[in-house]
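Subject: Structure for you to look at

Hello,

Please find the structure below, with the sequence alongside. My notes on it follow.

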Amino acid sequence: MTEKRAIVVGTRESQLARVQTDSVVATLRKACPEKLFSILGMTSKGDQVLDKPLAKVGGKGLFTKELEEALADRRVDLVVHSLKDLPSSLPEGMLIGAVCKREDRRDALVVAARHPDKRDLAALPQGAVVGTSSMRRVAQIHRQRPDLQCQSVRGNLNTRLRKLDAEDSQFDALMLAAAGLDRLGWQSRVTHRFDPEEFLYATGQGALAVEVRADDEEIIELVTTLSHRETLVMCAAERSFLQRLGGGCSVPIGVRTEITNDGSLLFLEGAVFNENGSDCRQHRMDCKLGAAECAPGLSLSQLTGLHAPAAWMADIHAAINLGASVADALLNKGAAALLEQVRAATSTTQQSYD
Ligand code: DPM
């Protein structure tokens, strides 16, 4: 018998990252019982620097860089990430080998237990404090409730909930991704899930991605079976939209995609906000799916690092064009100036978030 080579799966150490990785590895083990898998935990800069808001720690791939270095050095063979944490341009030599079926993509509110009768933003008391480090969430919270205060909260989900629950807590509520809370089995803490029409989510939110070396055909073949067609098409549109706008994981940009029930149309709504949400550029468009013709080859950068089975390429191509068109429409409406204003403000007056 030939000796089995173990496939090493890298993960961040947080409880959420472990749960996400375990679920993907369980699926892989079931699909390939003859293969050995082992999991290697690692810490990222985003996990270590907890006293600053995300925008200030800065840099692309805050949660992904260390893991990508391990991939490049062949210490690990694949890495499970939240897709929304992966920049829309990946480092050279890396590929998103699979995007798993999207879970709940909505943003969620967790109101502190000391406000038992309050469940959503509208119900929070005047001037209440909402914990979030996301500029996208801050802007949209202020559009609905300009009187609310948003304060930065960092750390993993467990730490954040502990801060909310503390007797002397500064927070009345937290805004978090529903998917993260669901994966940890904390559904009961969610007091409201925002309809994406009332609160745009982050590109890729709620979907898990598997990052691999672009030249590792064996691993690509292995993980490609994990990909979910509709999720990949929607996320291709969202990532292409973000990429055309200049990307970044700490920008006030939100999206919403839908595919019609018959699978014939893809819809994308995208928005760019200023810091306090008083200004916003928004645009929505749709495109046809299901073209019989396979589109010409796309470069990896046009694909925002996504790998897709050949049979899905026509739809992926349409999705990428849609994302770019919505972004161009926003740029025509002056979105670049808005983003520039936000970038200038975060580099100088960030203290207000500390
Ligand atoms: C990114 C953002 C946040 C994470 C920015 C945004 C939220 C930061 C914060 C790009 N990554 O959403 O506008 O509120 O302090 C993150 C979470 C998940 C993946 C947690 C969350 C779980 C959900 C998923 C952090 N990354 O958003 O509450 O897998 O999509």
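To begin in the middle of a strand pair: V9 has I39 as its bridge partner in β2. A little further along, T11 is bridged to G41, also in β2. Both belong to the pairing of β1 with strand β2 (residues 36-42), which is parallel and extends over seven bridges. Please keep in mind throughout that this is a predicted model.

β1 also pairs with strand β3 (residues 78-82), again in the parallel sense, here over two bridges. On that side, the bridge partner of G10 is V79 in β3. In a regular strand, side chains point alternately to one face of the sheet and the other. As for burial, six of the seven residues of β1 (residues 6-12) are buried, so the strand is largely enclosed by the rest of the structure. The connection from β1 to β2 includes α1: β1, α1 and β2 form a right-handed β-α-β unit.

The ligand

α1 comes up again at the ligand. Which elements give two or more residues to the shell around the ligand? They are α1 (15-31), α5 (135-144) and β8 (173-177). The shell is made up of 19 residues, and those that come nearest are S82, K84, D85, S134 and G206. Sorted by class, the shell has six nonpolar, seven polar and six charged residues.

Three contacts to ligand oxygen atoms are worth listing:

- R136: an N or O atom of its side chain is 2.9 Å from an oxygen atom of the ligand.
- R137: a polar atom of its side chain is 2.9 Å from an oxygen atom of the ligand.
- G206: a polar backbone atom is 2.7 Å from an oxygen atom of the ligand.

The ligand taken alone would expose 630 Å², and the protein buries 93% of that area.

Helix α5

R136 and R137 are both among the buried residues of α5, which are M135, R136, R137, V138, A139, Q140, I141 and H142. With eight of its 10 residues buried, α5 is largely enclosed by the rest of the structure. S134, one of the residues that come nearest to the ligand, also has a contact at the start of this helix: a side-chain oxygen of S134 reaches to within 3.3 Å of the backbone nitrogen of R136.

The five-strand sheet

β8, which gives residues to the ligand shell, is part of an open sheet of five strands with mixed pairing, in the order β7-β6-β8-β5-β9. β7 (149-151) and β9 (192-193) are at the edges with a single partner strand each, so one side of each has no neighbour in the sheet. Strand β6 (residues 129-131) runs parallel to β8, and two bridges join them. Within that pair, V130 stands opposite A173 in β8.

A buried arginine

The last item is R256, in strand β11 (residues 253-259). Is R256 buried or exposed? Its relative accessibility is 7%, and the cut-off for buried is under 20%, so R256 counts as buried. What do the polar contacts of its side chain join it to? One, of 2.7 Å, is with the side chain of E269, and another, of 3.4 Å, is with the side chain of E258.

Regards

Key
Residues numbered from 1 in each chain as written. Predicted model: local features only at pLDDT ≥ 70, side-chain atom pairs only at ≥ 80, totals over all residues. Heavy atoms only, no water. Near = heavy atom within 4 Å. Polar contact = N/O pair within 3.5 Å; in protein donor to acceptor, adjacent residues only side chain to side chain. Areas by Shrake-Rupley, 256 points an atom, 1.4 Å probe, with all protein chains shown as cover. Helix = DSSP H or I, 4+ residues; strand = E, 2+ residues; numbered from the N terminus. Nonpolar A, V, L, I, M, F, W, Y, C, P; charged D, E, K, R; others polar. Buried < 20%, exposed > 50% of the residue type's maximum accessible area, 1.4 Å probe, protein only. Pairing = 2+ DSSP bridges. Right-handed = clockwise from strand over helix to strand, strands pointing away.
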